[in-house]
Structure formats: C-alpha cells, structure tokens
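Student: I'm new to this structure and would like a close look at one part of it. Could you take me through the sheet and the helices around it?

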Amino acid sequence: MEKFGVNLQRDPAAGPPEVWANRLLGVLRALQAHAGLERVVHWESREEAHEIPVELRAITDYLRSRPVSVDDAGVPQPEAGIVTSLFGVGRGGPDDDLCEVMLSTGERGPTRNWCIVSFRRPVSPMGMPVLFADCVASFSPVWAALESRANITERLDEEDETGAPRRPADEKLHWHTYYGPGLAAALGLDTLRGRDAVIVRPLHEGVEVVLGERWESNEALRSRQREVEPILFGERTAS
C-alpha cells in the first residue's frame with residue numbers, strides 16, 4: 001500500500017465557474033468510482049465544515065462563493081481566479097480521511113492551473129491507473145502524473161544530497177505520466193518504445209508513459225526513472 005497522488009496541470013486561462021466546476025466534478029466522480037470517495041467537505045475553519053454534494057450545481061455554487069485572488073496591494077484580481085481545497089471522506093465513515101483535492105483557476109501569468117489529489121492514507125494501487133485516466137479525461141491537462149509520495153520525497157532528498165540541479169516537473173517521469181499533444185510532439189517519445197517495462201500509449205488527446213504496467217515498488221520505479229529520464233531530457237549533474 002502506498003500514498004499516491006494525482007497531479008493535473010492546465011495552461012493558465014480564465015473561464016466561468018461552470019467550466020471549472022465541470023472539470024472538478026469529473027475528478028470527484030472518478031474518486032467515487034475508483035477510490036471509495038463517499039462525501040466531499042469544505043472546512044471554513046477548524047470548527048466549521050460544510051458538505052458539498054457531488055453534483056454540478058452545488059460545485060458551481062461553491063466555486064462562486066470562493067474569494068478571488070488579490071494582488072500585493074490587496075486588490076481583488078477576478079481574472080486570476082481562485083485557489084481552494086476540498087476534503088474527501090471515504091466509505092469507512094466520518095473519520096475515514098481519504099484525500100484532499102486542491103484546485104486553482106484563472107489567468108495566473110506563467111503559472112499553470114492545477115487540480116491535485118493527495119491521498120492522506122495509503123491506498124491500493126490496483127485502481128489507480130484507471131482513476132488517473134478518468135481524471136485526465138475530465139480535466140484535459142497539458143501534463144499530468146500519477147505520483148508516489150515516497151518517490152517524490154526520495155528524489156528531493158537525492159537532489160539535496162548530490163547538489164544536482166532539480167529537474168522541472170515536466171522533466172520527471174512518474175509511475176504514469178501524461179503529456180498533452182503539444183508536449184508529446186516535442187519530446188520524441190518514440191525513443192522509449194520497446195524498452196523493458198516502459199509503455200508508451202495514447203491517452204485522451206495525448207500520450208501516456210507508464211513505468212511498469214503494475215505497481216511493484218518505489219525501488220523499481222526509481223530504477224526506471226534513472227534509466228529513462230536521461231534519454232528524454234538529458235543528464236543533470238552537480239555543477
């Protein structure tokens with residue numbers, strides 16, 4: 001059992017709450033279908049929580065209620081959208097703290113918008129690939145990853161220890177990594193075809209790279225990352 005996460009990123013763009021609500025709804029329904037999500041809650045404070053039905057109107061109303069971003073002077077910037085988070089409760093009851101779902105929207109300069117699902121307890125890897133595929137189809141990202149939290153931490157620790165430059169998110173492969181059509185065309189992913197335990201296949205509007213059809217371990221994933229990433233992105237060494 002591992003702690004996984006789904007990271008979905010879109011290019012910055014404004015849009016009405018209904019558009020973002022529909023994308024978020026698709027992610028929440030995927031969590032219902034494949035991860036045991038039972039209820040969705042927003043905490044206004046440490047003492048006050050509101051349950052939000054997993055339906056389009058309720059999620060749209062929730063997003064409309066969120067305060068918009070402000071600039072350094074505290075002036076509201078409606079085009080910059082919102083940043084918010086919801087908490088998913090699992091089928092084990094009110095204490096089954098399943099996941100946090102974070103969302104950013106709007107025109108945020110060079111910073112991408114994102115929807116990030118962080119599982120707060122270990123979950124079975126069995127349903128994670130189909131959950132990931134459904135989330136990609138709903139959010140239509142330019143880049144996305146099905147991440148192992150332990151793997152992310154290990155990689156950051158390695159970079160700190162070696163002094164090597166940190167790879168940008170787009171230059172890191174995860175268990176499953178999705179590239180939208182623009183990124184996929186620029187990478188030359190065909191160079192990975194035919195390698196042991198590396199799968200390159202169509203997903204949604206782009207391409208998915210999978211490092212191992214079935215989850216094995218963080219050690220196996222890290223070994224494949226070390227083998228494959230330099231082929232796509234080049235070596236990164238300490239200066």
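Tutor: Here is a walk through the sheet, followed by the helices and a few single residues around it. Please keep in mind that this is a predicted model.

Let's start with the sheet. Ten strands make up an open sheet with antiparallel pairing, and their order is β3-β2-β4-β5-β6-β1-β7-β8-β10-β9. At its edges stand β3 (49–51) and β9 (198–203); each has a single partner strand, so one side of each is left without a neighbour in the sheet. On average, neighbouring strands are turned by 20° against each other, direction ignored.

Now follow the order to the end that holds β9. Strand β10 (residues 206–211) runs antiparallel to β8 and is joined to β8 by four bridges. One residue to look for is Tyr-179, whose bridge partner in β10 is Val-207. Strand β10 is also joined to β9, this time by six bridges, and these two strands run antiparallel as well. Here Leu-203 has Gly-206 in β10 as its bridge partner. Together β9 and β10 form a hairpin with two residues between them, and His-204 in the turn has a positive phi of about 55°.

Next come the helices that meet the sheet. Helix α3 packs on the sheet and touches β1 (4–10), β5, β6 (113–119), β7 (143–148), β8, β9 and β10, while its direction makes about 20° with that of β1. Within α3 (residues 128–139) you can find Ala-137, which is partly exposed at a relative accessible area of 44%. The C-alpha atoms of Ala-137 and Val-27 are 8.9 Å apart, although 110 residues separate the two along the chain. Helix α4 lies across β1, β6 and β7, and runs at about 95° to β7.

Two charged residues are worth a stop here. Lys-172 sits in the loop between α4 (149–162) and β8 (176–179). With 13% relative accessibility, Lys-172 counts as buried. Setting aside residues up to four places away in sequence, Lys-172 touches Trp-143, Arg-155, Leu-156, Glu-159, Arg-167, Thr-177, Tyr-179, Glu-229 and Phe-233. The other is Arg-222, in helix α6 (residues 218–233). Arg-222 is buried too, having a relative accessible area of 8%. Apart from neighbours within four places in sequence, Arg-222 is in contact with Asn-151, Glu-154, Arg-155 and Glu-158.

Finally, turn to a pair of helices. Two packed helices are described by the angle between their axes and the distance between the axes. For α1 (residues 17–35) and α2 (residues 56–65), the angle is about 125° and the axes are 9 Å apart. That makes α1 oblique to α2, and α1 passes α2 in a right-handed crossing. On the α1 side, the residues of the contact are Pro-17, Glu-18, Trp-20, Ala-21, Asn-22, Leu-24, Leu-25 and Leu-28; they meet Leu-56, Ile-59, Thr-60, Leu-63 and Arg-64 in α2. By type, the residues of this contact divide into nine nonpolar, two polar and two charged.

Helix α2 also leads us back to the sheet. Its buried residues are Ala-58, Ile-59, Thr-60, Tyr-62 and Leu-63, and the buried residues of α2 pack against α1, β2 (37–43), β4 (83–90) and β5 (97–104).

Notes
Residues are numbered from 1 along each chain as its sequence is written. This is a predicted model: local features need pLDDT of at least 70, side-chain atom pairs count only at pLDDT 80 or more; totals for chains, interfaces and linings use all residues. Side-chain values use heavy atoms; hydrogens and water are left out. Axes are lines fitted to C-alpha atoms, for helices over the stretch in contact, and angles run from 0 to 180 degrees between N-to-C directions. Angles under 35 degrees count as roughly parallel, over 145 as roughly antiparallel, 65 to 115 as roughly perpendicular and the rest as oblique. A crossing is left-handed if the near helix is turned anticlockwise from the far one by less than a right angle, and right-handed if clockwise. Contact means heavy atoms within 4.5 Å. Ala, Val, Leu, Ile, Met, Phe, Trp, Tyr, Cys and Pro count as nonpolar, Asp, Glu, Lys and Arg as charged, and the others, Gly among them, as polar. Buried means under 20% relative accessible area, exposed over 50%, partly exposed in between (1.4 Å probe, protein chains only). Two strands pair if DSSP finds at least two bridges between them.
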